[in-house]
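Me: I would like a close look at one part of this protein, its interior. Please keep the answer brisk.

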Amino acid sequence: MANPQHQIDLKQAQLVVVMVPLPLQGHLNQLLQLSRLILSYNIPVHFVGAATHNRQAKLRVHGWDPQIINSNIHFHDFEIPSFACPPPNPNAKNKFPSHLQPAFISASSHLQDHVSALLRSLSCKASKVIVIHDSLMGSIIQEVRFISNAESYTFHSVSAFTIFLFRLGKENKLIPKNIPSLDGCFTNEFLDFISCQYSYQDFSSGYIFNTCRLIEGDFMELLQNEHKTYWALGPFNPVNIPERNDSEQKHYSLSWLDKQETNSVIYVSFGTTTTMSNEQIKQLAIGLKQSNQKFIWVLRDADKGDVFDVSEHDRRIELPKGYEEDDLVRGVGLVVRDWAPQLEILGHRAVGGFMSHCGWNSCMESITMGVPIAAWPMHSDQPRNAVLIAEILKIGVYVKDWSLRNEVATAKMVETCVKRLMASKEGDVMRKRAGELGDSIRRSTGDGGVTRSEMDSFIAHICR
C-alpha cells in the first residue's frame with residue numbers, strides 16, 4: 001500500500017500506535033501486517049502480547065522483509081502465567097478450536113495491567129497514543145478512558161459482511177436467502193467471551209476492517225448507517241510479492257511450483273485452527289488423487305496454545321499407505337507437513353485455485369492474489385465468508401453444504417469440486433473474475449487508488 005518513502009506532513013513523531021492482538025494466528029498476523037502499513041507513514045508502532053505469541057507472529061510472517069519487523073516495530077513481550085492447553089481433538093463434533101480457549105482467555109485476564117502501564121508511559125512521551133485492539137481484547141485497553149491524549153479503535157478480524165449479519169440481520173436485498181446458521185460455529189464458552197469483550201467497545205473512536213471497498217463497499221456503507229466511523233484499510237497483506245532467487249531462502253513448495261504450468265495447481269490448506277479426523281483425511285487424499293489435478297496440500301493439525309510446545313505425543317497424520325509414492329500422486333501432488341508460505345504460494349503463477357476453510361485471512365490473501373476458492377468452512381465466521389465468496393463475489397464453489405458439516409465429505413465430493421474449479425468452463429470464468437478483482441485491488445493500493453486514499457484518510461484522522 002503506502003511505500004516507505006510516502007510522506008505526509010502530520011507531525012508523525014508526536015504520535016505512536018499500540019497494537020493489541022488476540023493471540024491466535026489469524027488475528028496476530030492481521031495486526032502485524034497492519035503494523036507494516038502504518039510504519040510506512042513513519043509512525044512508531046508498539047506490538048504487545050505474551051512473549052510466545054509475539055515470537056509466533058514474527059516467525060510466521062511472510063510476503064515482506066522480516067528485517068522491517070526486527071528494526072522498526074517495538075515488541076513488548078509481557079510475562080503471563082503459564083496456561084495448559086489440551087491437544088486438538090480430531091474427532092470433536094464441533095470443529096471450533098476449543099482447545100485454544102485457555103490461551104486467549106489467559107491473555108485477556110493477565111495483560112491488562114501490563115498494557116495499562118505501557119499506555120501511561122507512552123502518553124507521557126507522545127502527543128497522542130492510538131490504540132488499535134482486536135475486538136476480542138477490549139477488556140485489556142480500558143486505561144484509554146482515563147488518558148486524555150489516547151484514543152482506541154476496534155479491529156474486526158472478520159469480514160464486513162459477517163459483522164453486518166451479526167449487527168443488522170438479514171433483511172436486505174444484498175443478502176442471499178439461505179444464510180448458514182450459527183449452529184456449530186462456536187462453543188458456548190467462546191460466545192460468552194465474545195459478549196464480554198464486546199461490552200468494552202462503548203468508547204471506541206472507530207472500527208477497522210481488513211477489507212476494501214472494492215470487495216465489500218456495499219456492506220461498509222450499510223454499517224456506516226449506524227452513524228459510527230468505519231475504515232476499510234485492507235488488504236493488510238502485501239499485494240506484490242518479490243520473487244526469491246536465493247534457493248536457500250526459498251521454501252521447497254515454491255521451487256516445486258516453478259516447474260508447473262500456469263493455473264495448473266490447486267493449493268489445499270485449512271488454516272491454523274482446523275483438525276480433521278483420520279477418515280476425513282483419507283477421503284480428501286483419495287479425492288485429490290482421483291481428480292487428476294496437480295495440488296499442494298498443507299497437511300497439519302490445528303495450532304496448539306503454544307506453537308513451540310512440540311511433544312513426541314503430538315499426532316502424526318497418516319495418509320493411505322504408499323499415497324505419496326503412488327504413480328498418480330508422485331510428481332502431481334506435493335504434501336507439506338510444516339509451515340507453508342501461503343501468501344507466496346497463492347501469488348505464484350502456477351496456482352489456479354485454493355481449497356480453503358475460508359478464514360478471513362485466507363480469503364483476503366486469495367482475493368488479493370486473484371485466486372478462486374473451493375470453500376470448505378469449519379467453524380466461526382467461515383460459513384458466512386463462504387457465502388460472500390461463492391454467492392456474492394462469485395469467485396468460488398462449495399466443497400459441501402454447511403448443513404452437512406457433521407458428515408464426512410466423501411472422496412467423490414472432493415473430486416467433483418476440484419474438477420469443477422480447476423478443469424471446467426465454470427472454473428475458468430471464476431478464475432477470470434477472481435483475477436480481475438485481484439488486479440483491481442492491487443491497483444487500488446497505489447497512488448490515487450481507493451484503498452490508498454482510505455489509508456491516507458485514516459492516518460490523517462488519527463494525526464489530526
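Reply: A cavity here is a set of points on a 1 Å grid, over the protein atoms alone, where a 1.4 Å probe fits but cannot get out. Its volume is the space filled by probe spheres set on those points, joined across faces, edges and corners. This is a predicted model, in which local features need pLDDT of at least 70, side-chain atom pairs count only at pLDDT 80 or more, and totals for chains, interfaces and linings use all residues. Residues are numbered from 1 along each chain as its sequence is written, and side-chain values use heavy atoms, without hydrogens or water.

Start with the empty space. The structure holds four cavities of 30 Å³ or more. The largest has a volume of about 120 Å³. Its lining (residues with an atom within 4 Å of a point) comes to 14 residues. Phe270, Thr274, Val298, Leu299 and Arg300 lie nearest the centre of this cavity. By class, seven lining residues are nonpolar (Ala, Val, Leu, Ile, Met, Phe, Trp, Tyr, Cys, Pro), three are charged (Asp, Glu, Lys, Arg) and four are polar (the others, Gly among them).

The second largest cavity follows, at about 60 Å³. Pro23, Leu24 and Gln25 help line it. So do Gln56, Leu100 and Ala103. Thr272, Thr273, Asp303, Lys304 and Gly305 are also in this lining. Here the split is four nonpolar, five polar and two charged.

Now the packed parts. A nonpolar core is a set of buried Ala, Val, Leu, Ile, Met, Phe, Trp, Tyr and Cys residues joined through side-chain atoms within 4.5 Å; buried means under 20% relative accessible area with a 1.4 Å probe, protein chains only. The largest such core has 52 residues. Phe161, Phe209, Phe219, Leu257, Tyr267, Ile296 and Ile367 touch the most other members. A second, separate core has 34 residues, including Phe78, Leu136, Ile147 and Ile194.

One helix is worth following through the interior. Helix H13 (a DSSP run of H or I, at least four residues, numbered from the N terminus) spans residues 382-392 and is mostly covered. Nine of its 11 residues are buried. The buried stretch takes in Gln382, Pro383, Arg384, Asn385 and Ala386. Val387, Leu388, Ile389 and Ala390 are buried too. These buried H13 residues pack against helices H6 (160-168), H8 (213-224) and H12 (360-368). They also pack against strands E12 (373-375) and E13 (396-398). Contact means heavy atoms within 4.5 Å, and a strand is a DSSP run of E, at least two residues. Just after H13, Lys394 takes a positive phi of about 60°.

Note on methods:
1 Å grid on protein atoms, 1.4 Å probe; cavity = no way out; pocket = protein on both sides within 12 Å on 5 of 7 lines; lining within 4 Å. Buried < 20%, exposed > 50% of the residue type's maximum accessible area, 1.4 Å probe, protein only.
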